[in-house]
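Trainee: I should like to learn how to read backbone and packing features from a model. May we proceed feature by feature?

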Amino acid sequence: MPPSGIRVFFDLVLGMKDVISLGVGEPDFITPWNIRERAIYAIEEGHTSYTSNKGLIELRRDISKYLKQRYGLDYDPEEEVLVTVGVSEAFDLSLRALIERGDGVLIPEPSYVSYGPITMLCGGKPIYMRTSPDNGFKVTPKDIAAYCDKNPKLMILNYPNNPTGASYSKKELRAIAAEIVRHDLVMISDEIYCDLTYDFDHTPFATLPGMKERTIYLNGFSKSFAMTGWRIGYACGPANLISGMTKIHQYTMLCASIISQMAAQEALKSGERSVQEMKREYARRREFVVSRLNEIGLTCHRPEGAFYAFPSIRKTGLSSMDFARELLKKEKVAVVPGTAFGSLGEGYLRISYASSYDRLKEAFVRMERFVKSLR
Ligand SMILES: Cc1ncc(COP(=O)(O)O)c(C=O)c1O
């Protein structure tokens with residue numbers, strides 16, 4: 001299994017001074033104060049124990065209530081919700097519970113870095129489905145039908161997407177859902193960026209007709225509430241699947257940190273205003289980044305969500321890795337080569353706009369100078 005392409009590149013950044021990094025995939029905001037304060041109180045109150053394997057029942061109830069109020073989704077907090085150590089763990093558990101040796105897993109590519117490697121670790125076979133800017137980096141029902149000749153068992157869908165920023169309207173998701181039924185697939189839906197959907201309302205995959213019983217819904221607190229370091233996420237799905245995942249979780253992780261779980265309760269209770277404030281700022285940066293990229297000649301489709309732009313660098317004639325390396329060396333701006341997200345990422349860069357507006361402005365002055373120097 002290869003090491004994460006992001007890590008390989010960022011080992012180069014370590015030790016360099018004055019670098020503007022547009023490489024990281026985490027909010028530049030710190031966790032809102034009311035959430036941090038709740039954690040401080042939790043410690044003061046002496047909440048330092050393990051919790052139930054599935055997570056505090058109060059938190060599971062809050063998650064269930066939140067999904068019901070927001071999306072009309074019904075999950076039983078006793079049987080259908082599992083609190084995990086980030087979406088990372090929830091994803092790993094989903095695959096471990098579902099994959100038998102040799103099972104095919106459909107993965108739209110470019111893809112989040114862990115999907116392929118974890119599939120392989122579980123003995124499954126990744127089947128990468130090509131997406132491109134021609135269709136806004138989205139998979140279509142036609143693509144799914146075409147790749148189903150390889151007889152996959154499940155599909156992973158991440159929207160809004162890391163690294164491309166692509167997302168799906170309800171209509172597009174309905175068409176995908178029809179293929180999921182036709183080919184009798186299970187869907188693992190990673191919706192960790194759901195709160196950062198800019199142009200339309202986010203539709204959870206499990207809300208589509210007939211999908212709840214064949215979907216594992218993954219979500220967490222890292223991106224919406226700027227809580228990456230708290231390591232807290234959750235999976236919702238059919239009771240038999242959540243029960244299988246809980247077995248693995250109880251032997252490996254036992255439970256998520258009680259302090260983070262209590263902070264997560266506070267996030268659901270009072271974090272919405274902060275989520276909206278952060279979203280407004282990301283949306284402002286999105287406009288700036290996309291227009292500056294196109295201005296300097298790096299064609300970029302308009303991302304519909306998350307906090308990434310995925311421009312093409314084909315016109316420069318450089319490979320993704322060479323472009324990123326040279327930009328770092330000459331102008332001290334760090335971006336991630338598209339190949340970190342699979343071979344289909346060649347010819348692209350991932351630029352994170354989870355960085356302050358001023359730093360973005362300066363980064364683009366440097367990037368423009370670099371691109372001009374290539375002509
Ligand atoms: C698509 C996607 N899924 C999952 C994760 C992991 O999230 P967590 O911090 O909840 O483990 C990330 C983090 O970058 C992500 O981009």
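Mentor: Let us begin with the naming of elements. Helices and strands are DSSP runs numbered from the N terminus, with at least four residues for a helix and at least two for a strand. The model before us is a predicted one.

Trainee: Which peptide bond is cis with omega about 0 degrees, and where does its proline lie?

Mentor: The general idea comes first: most peptide bonds are trans, and most residues other than glycine have a negative phi. Here, E109 and P110 are joined by a cis peptide bond whose omega is about 0 degrees. P110 belongs to the loop between β3 (104–109) and α5 (115–121). Another cis bond runs from N162 to P163, with omega near 20 degrees. P163 is placed in the loop between β5 (152–158) and α7 (170–182).

Trainee: Which residues other than glycine have a positive phi?

Mentor: Among them are A226, with a phi of about 55 degrees, and R231, with a phi near 55 degrees. A226 is found in the loop between β7 (215–220) and β8 (233–236), and R231 is placed in the loop between β7 and β8.

Trainee: Is A226 buried or exposed, and how is R231 classed?

Mentor: One counts C-beta neighbours: 20 or more within 10 Å make a residue buried, 12 or fewer make it exposed, and values in between make it partly exposed. A226 has 23 other C-beta atoms within 10 Å and is therefore buried. R231 has 19 C-beta neighbours inside 10 Å, so it counts as partly exposed.

Trainee: How does V81 appear under that count, and what is it in contact with?

Mentor: V81 lies in strand β2 (residues 81–84). It counts as buried because it has 24 C-beta neighbours inside 10 Å. Leaving aside neighbours within four places in sequence, V81 is in contact with R60, I63, S64, Y75, Y234 and C236. As for I259, its C-alpha atom is separated by 19 Å from that of V81, and the two residues are 178 apart along the chain.

Trainee: At what angle do helices α3 and α9 pack?

Mentor: An angle under 35 degrees counts as roughly parallel, and one of 65 to 115 as roughly perpendicular. Helix α3 (residues 57–71) packs with helix α9 (residues 258–270) at about 25 degrees, their axes being 10 Å apart. The pair is therefore roughly parallel. The crossing of α3 past α9 is left-handed. From α3, the contact is made by E58, L59, D62, I63 and Y66, and from α9 by Q261, A264, Q265 and L268. By class, these residues are five nonpolar, two polar and two charged.

Trainee: What angle is found between α4 and α8?

Mentor: α4 and helix α8 (residues 239–252) pack at about 110 degrees, with axes 9 Å apart. α4 is therefore roughly perpendicular to α8. L93, S94, R96 and A97 of α4 meet L241, G244, M245, I248 and H249 of α8 in this contact. Five of the contact residues are nonpolar, three are polar and one is charged.

Trainee: Which residues come nearest to the ligand?

Mentor: A shell is read by its members, their elements and their classes. Of the 13 residues around the ligand, G86, V87, S88, N162 and S222 come nearest. Helix α4 (residues 86–98) supplies the largest share of the shell, three residues. The classes are three nonpolar, nine polar and one charged.

Definitions and conventions: Residues numbered from 1 in each chain as written. Predicted model: local features only at pLDDT ≥ 70, side-chain atom pairs only at ≥ 80, totals over all residues. Near = placed C-beta within 6 Å. Nonpolar A, V, L, I, M, F, W, Y, C, P; charged D, E, K, R; others polar. Axes fitted to C-alpha atoms, helices over the stretch in contact; angles between N-to-C directions. Parallel < 35°, antiparallel > 145°, perpendicular 65-115°, else oblique. Left-handed = near helix turned anticlockwise from the far one by under 90°. Contact = placed C-beta atoms within 7 Å.
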